[in-house]
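Thanks for coming. I will go through one structure, piece by piece, and keep to what can be computed from it.

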Amino acid sequence: MKWLTAILLLALPLQAEADSRSKISQGATEWTAKGGFAWSGVAARYGVSPRVATLAEVETALFVRWEGRAGLQIQWLDSEAWALDTTLALGAVRQESTVSRQGPQASIVVRISKTGNVEPYLAIHNREFLSMTSTQVLSEEDTTTRWETELLHARGGTLGVVFPTTKHFMVDIGLQMGSMDSAFAIPSFFTAVHWRPSK
Amino acid sequence: MIKHMHCLLFLGWTGCLAPEALYEVELSGTVMSDQSGPVELWFMHASRGEGVLETEHIIFDTTWLDSEGDFTYTLQVPQAGGEGLEIYGWQDTNEDGAHCRPGTDPELSGLVESADYPSHAIEIELELFAECEGPESL
């Protein structure tokens, strides 16, 4: 915890860009790299209007399961005290392991944060994944292929905190809990770096 | 660049995983037993994995027969699940649904490995001779 305290203390005097940590202003870009257990990934956001940003993200769980999505982040509230936004995204899942999965996924994330230089937040997510599996039956006469679908969900939340380290960089530390593929999943933690280059 | 990144993201997701391949086998044969009663058949791969991770008797399907004697069954064998084809059977003589429940009379079991697999038509003879044995003991 000592290093975390040191980073926080170093970060406190700094002031990042005028936007809150979750909001990104029109024409601005944010790049994110995230590492942790079990999820790592990269993401990009681009502010298309004062309240709307586009989002593209690729995540992987231990390089076995991959999730990619693109969507919109809508900022509902960005006051001096609170920020509230919703991210809607569509994407795909691909997992190659003993249990292989693939298919499209729809995602909604609602995030509320206490605005300030150091910004704690709670993000609630619901991801609906249409798992599509194909089976090939090799009989004596012919080969037939059948498809089966199954709707699986990932629901849970992330508790985290974002704070600036320099003018253009912010660090995001979080703990994520919830389900995966409609089953209990062990909590995951991550550290992310957000980079907002000047417009 | 960001605007185009959304499109690029999905180019990597257009491929499909290879389907799970099932090898269909028309299985026929005879279950021989000195007792009478329903027989449960377990269809198994003989082994899976290599070295210290090698595991034997991987069950991928089961079925019940009304009694010993002749039978036919259409089996779909997962191609990625392991090697070989074994058939284990046990006879539910007292029809309690359990194999050799404590306090009940011994029930017979047997195991046979098909030498003909892979083939779409396989004939076997399964003799139930051992009392209260699982496949790992036969």
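A:Ala38 sits in the loop between β1 (29-37) and β2 of chain A. Strands here are DSSP runs of E with at least two residues, helices are runs of H or I with at least four, and both are numbered from the N terminus. A cis peptide bond joins A:Phe37 to A:Ala38, with omega about 5°.

Before going on, the ground rules. This is a predicted model, in which local features need pLDDT of at least 70 and side-chain atom pairs count only at pLDDT 80 or more, while totals for chains, interfaces and linings use all residues. Residues are numbered from 1 along each chain as its sequence is written, and chains are lettered from A and ligands numbered from 1 in the order in which they are written.

Chain B has a cis peptide bond too, between B:Tyr117 and B:Pro118, with omega about 5°. B:Pro118 belongs to the loop between β6 and β7 of chain B.

Next, backbone angles. A:Phe63 is not a glycine, yet its phi is positive, at about 60°. This residue is in the loop between β3 and β4 of chain A. Is A:Phe63 buried or exposed? The cut-offs are these: a residue is buried if 20 or more other C-beta atoms lie within 10 Å of its own, exposed if 12 or fewer do, and partly exposed in between, with C-beta atoms placed from the backbone. A:Phe63 counts as exposed because it has 9 C-beta neighbours inside 10 Å.

On chain B, B:Cys132 has a positive phi near 55°, and it is a residue other than glycine. B:Cys132 lies in the segment after β8 (130-131) of chain B. It has 15 other C-beta atoms within 10 Å, so it is partly exposed.

Now chain A as a whole. Chain A has 1 helix and 10 strands, and from the N terminus the helix is followed by the strands, α-β-β-β-β-β-β-β-β-β-β. Of its 199 residues, 26% are buried. A contact means that the C-beta atoms of two residues, placed from the backbone, lie within 7 Å. Among contacts in chain A with a separation of 6 or more, 46% come from residues 24 or more positions apart.

Some of the pairing in chain A can be followed strand by strand. Two strands pair if DSSP finds at least two bridges between them. β5(A) and strand β6 (residues 101-114) of chain A run antiparallel and are joined by 14 bridges. A:Gln95 stands opposite A:Arg101 in this pairing, and the hairpin from β5(A) to β6(A) passes through 5 residues. β6(A) also pairs with β7(A), again antiparallel, over 9 bridges. There, A:Val110 has A:Ile124 in β7(A) as its bridge partner. The hairpin of β6(A) and β7(A) has 4 residues between the strands, and A:Gly116 in the turn has a positive phi of about 160°.

β7(A) leads us to the interface. How many residues of each chain are in contact with the other? The count is 22 residues of chain A and 17 residues of chain B. On the chain A side, the elements that give two or more residues are β2 (39-47), β3 (52-61), β4 (65-78), β5 (82-95) and β7 (119-138). β7(A) gives the most, with 6 residues.

β7(A) also pairs across the chains: with strand β1 (residues 20-32) of chain B, in the parallel sense, over 4 bridges. In that pairing, A:Val137 has B:Leu22 as its bridge partner. B:Glu24 is in β1 of chain B as well. Leaving out residues up to four places away in sequence, B:Glu24 touches A:Val137, A:Leu138 and A:Ser139, along with B:Thr74, B:Gln76 and B:His120. B:Glu24 is partly exposed, because 18 other C-beta atoms lie within 10 Å.

Last, the cores. A nonpolar core is a set of buried Ala, Val, Leu, Ile, Met, Phe, Trp, Tyr and Cys residues joined through C-beta atoms within 7 Å. The largest has 19 residues, and B:Ile87 and B:Leu126 have the most contacts inside it. The elements that give it two or more residues are β1, β2 (39-48), β5 (86-91), β6 (108-113) and β7 (121-127) of chain B. Neighbours within four places aside, B:Ile87 is in contact with B:Leu41, B:Phe43, B:Val112, B:Ile124 and B:Leu126. Another core, apart from this one, has 7 residues, including A:Ile24, A:Ala44, A:Leu55 and A:Ala56.
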